[in-house]
Amino acid sequence: MNTTHLKYIIEVEKTGSISKAAENLYMSQPQLSKAIRELEESVGISIFKRSSKGVVPTTKGVEFIMDAKGIIAQLQRLETTYNPKKSEMLTLDAVVARCEYISEAFSKFLSHISNDKKEKIIFRETNTTRSIKNVATGENNIGIIKYNVAYEQYFFQMLDERELKHEILWEYDEVIAVSKNSPLAKLSVVTEADLQDMTEILFGDNIIHYGRSARSMKDARENDNMHHILVYERAGMCSALIGDENSYSRITPSPEGYYDENKIRIIPMKSQDSKYRDVLFYRKDYKLTDTDKLFVEILKEVISEL
């Protein structure tokens with residue numbers, strides 16, 4: 001076994017395809033298949049199995065790949081720390097919740113980067129569970145999640161079990177986004193009763209999320225009278241809101257001017273369980289870089305403005 005083989009299986013797991021992984025690794029499919037067989041023989045387990053969805057890890061394979069990602073991440077950190085040329089690279093590797101203020105902070109962060117520096121910047125938006133998994137396995141360095149305060153103990157336990165340090169960034173009440181033509185657009189505050197006959201726009205990959213979206217998804221599947229639209233990007237959410245005046249989406253408070261007021265209205269939400277918190281987290285063995293600290297500093301500035 002060597003680190004090259006570990007990188008091979010990580011790429012296969014990422015793409016879900018031997019042929020696609022081979023293409024990304026600039027090698028032939030037979031070569032990659034042979035390398036995986038040799039690795040499986042050396043460790044004594046089957047790492048992958050074929051399914052209708054392509055190549056997927058076995059139960060043991062999932063554990064092995066998580067460990068492999070951790071090893072590769074550790075090696076990359078060692079190389080970056082002790083290689084003078086690589087240590088000069090400006091790096092931000094973050095996985096975050098889909099929040100308007102985080103996107104605004106990232107935009108401001110980019111404006112602070114001089115073009116004469118080498119950069120490796122990864123900024124990924126996804127759901128809470130995926131964010132935690134990515135940071136725990138070393139796929140990303142830092143993460144930000146959002147959750148309903150009623151589920152804080154659940155998420156703190158998840159972070160602690162994976163040895164992730166965490167810091168609460170802020171607490172807020174969710175708000176509602178609607179079309180300017182929505183019957184709710186003229187309201188100063190929205191209640192749950194106001195939303196009864198409306199269509200909720202949800203992020204489809206938040207079905208495993210123990211926040212508002214998860215409950216809405218569950219209810220929507222169990223109650224045919226509830227209407228919902230599933231999207232996977234914020235651009236899709238905006239398009240759905242503008243196109244359907246009877247739809248709404250629950251979002252995080254956003255910077256002034258983030259949404260076009262001629263198209264979308266943002267309204268405060270009044271509810272017993274509308275309180276949310278956002279949390280910054282990273283591995284306990286990870287030391288925040290100056291670049292990480294710059295991003296977090298800008299993030300907190302944007303929060304203070306809200």
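## Rings, helix crossings and one buried loop tyrosine

There are twelve aromatic pairs in this structure. Keep in mind that you're looking at a predicted model. The protein has eleven helices and 13 strands, and 45% of its 306 residues are buried. Take the contacts with a separation of 6 or more: 75% of them join residues 24 or more positions apart.

**Aromatic pairs**

- One of the twelve pairs brings Tyr101 and Trp170 together edge-to-face, with 5.2 Å from centre to centre and 70° between the planes.
- Tyr101 belongs to helix H6 (residues 100-111) and Trp170 to strand S6 (residues 164-173), so this pair ties together parts that are 69 residues apart in sequence.
- Are these two rings buried or exposed? Tyr101 is buried, at a relative accessible area of 0%, and Trp170 is buried too, at 12%.
- Tyr147 and Phe155 make a stacked pair, with centres 5.5 Å apart and 25° between the planes. The stacked label fits because planes under 30 degrees apart count that way.
- Both partners in that stack are buried: Tyr147 has 0% relative accessibility, and Phe155 has a relative accessible area of 1%.
- Ring pairs also join up into a cluster, made of Tyr101, Trp170, Tyr172 and Tyr276.

**Charges over rings**

- Lys146 puts its charged end over the ring of Tyr276, 5.7 Å from the ring centre. Tyr276 is also one of the residues in the ring cluster.
- Arg98 lies over the face of Phe203, and here the distance to the ring centre is 4.6 Å.

**H6 against H11**

- Helix H6 packs on helix H11 (residues 290-305) at an angle of about 130°, and their axes are 9 Å apart. That angle makes H6 oblique to H11.
- The crossing of H6 past H11 is right-handed.
- On the H6 side, the contact is made by Tyr101, Ile102, Glu104, Ala105, Phe106, Lys108 and Phe109. Tyr101 turns up again here, having already appeared in the edge-to-face pair with Trp170.
- On the H11 side, the contact residues are Thr291, Leu294, Phe295, Ile298, Leu299, Val302, Ile303 and Glu305.

**H1 against H3**

- How do helix H1 (residues 3-15) and helix H3 (residues 29-43) cross? Their axes come within 10 Å, at an angle of roughly 115°, which makes H1 roughly perpendicular to H3.
- H1 passes H3 in a left-handed crossing.
- H1 brings His5, Tyr8, Ile9 and Val12 to the contact, while H3 brings Leu32, Ala35, Ile36, Glu38 and Leu39.

**Tyr259, a buried loop residue**

- You'll find Tyr259 in the loop between strand S11 (247-251) and strand S12 (264-270).
- Loop or not, Tyr259 counts as buried, at 9% relative accessibility.
- Which residues does Tyr259 touch, leaving aside its neighbours within four places in sequence? Its contacts are Glu100, Met237, Cys238, Ile251, Ser254, Ile264 and Ile266.
- Tyr259 and Ala177 are 82 residues apart along the chain, and their C-alpha atoms are separated by 9.4 Å.

Technical notes
Residues are numbered from 1 along each chain as its sequence is written. This is a predicted model: local features need pLDDT of at least 70, side-chain atom pairs count only at pLDDT 80 or more; totals for chains, interfaces and linings use all residues. Side-chain values use heavy atoms; hydrogens and water are left out. Rings of Phe, Tyr and Trp (its six-membered ring) pair if their centres lie within 6.5 Å; planes under 30 degrees apart count as stacked, over 60 as edge-to-face and the rest as tilted. Helices (H or I, at least four residues) and strands (E, at least two) are DSSP runs, numbered from the N terminus. Buried means under 20% relative accessible area, exposed over 50%, partly exposed in between (1.4 Å probe, protein chains only). A charge sits over a ring if NZ of Lys or CZ of Arg is within 6 Å of the ring centre and within 35 degrees of the ring normal. Axes are lines fitted to C-alpha atoms, for helices over the stretch in contact, and angles run from 0 to 180 degrees between N-to-C directions. Angles under 35 degrees count as roughly parallel, over 145 as roughly antiparallel, 65 to 115 as roughly perpendicular and the rest as oblique. A crossing is left-handed if the near helix is turned anticlockwise from the far one by less than a right angle, and right-handed if clockwise. Contact means heavy atoms within 4.5 Å.
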